[in-house]
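Student: I would like a close look at a single part of this model, please. Could you take me through its salt bridges slowly?

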Amino acid sequence: MILSTKVYKKLLQVPKGKVTTYGELAKAVGLKNGQRTVGAIMRNNPFPVIVPCHRVVKSDGKIGGYVYGERVKSRMLANEGINVKDGKIIDFDKEKFCF
């Protein structure tokens with residue numbers, strides 16, 4: 001299976017109202033220290049709303065980039081019940097999904 005397909009399929013397991021990190025997603029598909037690779041895969045996501053790459057954030061709780069911009073990413077997360085302030089998830093540990 002193509003790596004990007006494997007990553008996208010794993011990401012589909014993250015439920016609405018939760019986020020995961022680039023590093024957690026990398027580990028979940030067997031990539032040791034693959035957070036940058038996952039970031040590149042998210043950046044090239046051909047279906048950014050269907051495959052919810054907006055639910056992938058940095059390990060420090062900062063939301064990181066998004067194809068439609070960080071403002072849109074913040075809004076999408078807020079619509080799912082995740083509180084974001086100044087580009088960072090409030091109560092990050094509570095919102096984090098681990099595989």
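Student: Which side chain does Arg55 meet in a salt bridge?

Tutor: Happy to help, and a word on the ground rules comes first. This is a predicted model, in which local features need pLDDT of at least 70 and side-chain atom pairs count only at pLDDT 80 or more, while totals for chains, interfaces and linings use all residues. Residues are numbered from 1 along each chain as its sequence is written, and side-chain values use heavy atoms, with hydrogens and water left out.

Now to your pair: Arg55 meets the side chain of Glu80, with 2.9 Å from N to O. A salt bridge here is a side-chain nitrogen of Lys or Arg within 4 Å of a carboxyl oxygen of Asp or Glu. Glu80 sits in the loop between H4 and strand S3 (84-85), and Arg55 in the loop between H3 and S2, so the contact ties together parts that are 25 residues apart in sequence. Helices (H or I, at least four residues) and strands (E, at least two) are DSSP runs, numbered from the N terminus. Arg55 is buried, at a relative accessible area of 11%, and Glu80 is buried too, at 16%. Buried means under 20% relative accessible area, exposed over 50%, and partly exposed in between (1.4 Å probe, protein chains only).

The structure holds two salt bridges, and the other partners to look at are Lys27 and Glu24, whose closest N and O atoms are 3.6 Å apart. These two residues are three apart in helix H2, which puts about one helical turn between them. Lys27 is exposed, with a relative accessible area of 58%, whereas Glu24 counts as buried at 19%.

Helix H2 (22-28) also has a part in covering helix H1. In H1 (residues 3-11), the residues Val7, Tyr8 and Leu11 are buried. Viewed down the axis of H1, its buried residues fall within an arc of 95°, so they line one face of the helix; the arc is that of the directions from the helix axis to the C-beta atoms. The cover over them includes H2, strand S1 (20-21), helix H3 (35-43) and S2.

For the wider setting, the protein chain has five helices and four strands, running α-β-α-α-β-α-β-β-α from the N terminus on. Of its 99 residues, 40% count as buried. Among contacts (heavy atoms within 4.5 Å) between residues at least 6 apart in sequence, 58% join residues at least 24 apart.
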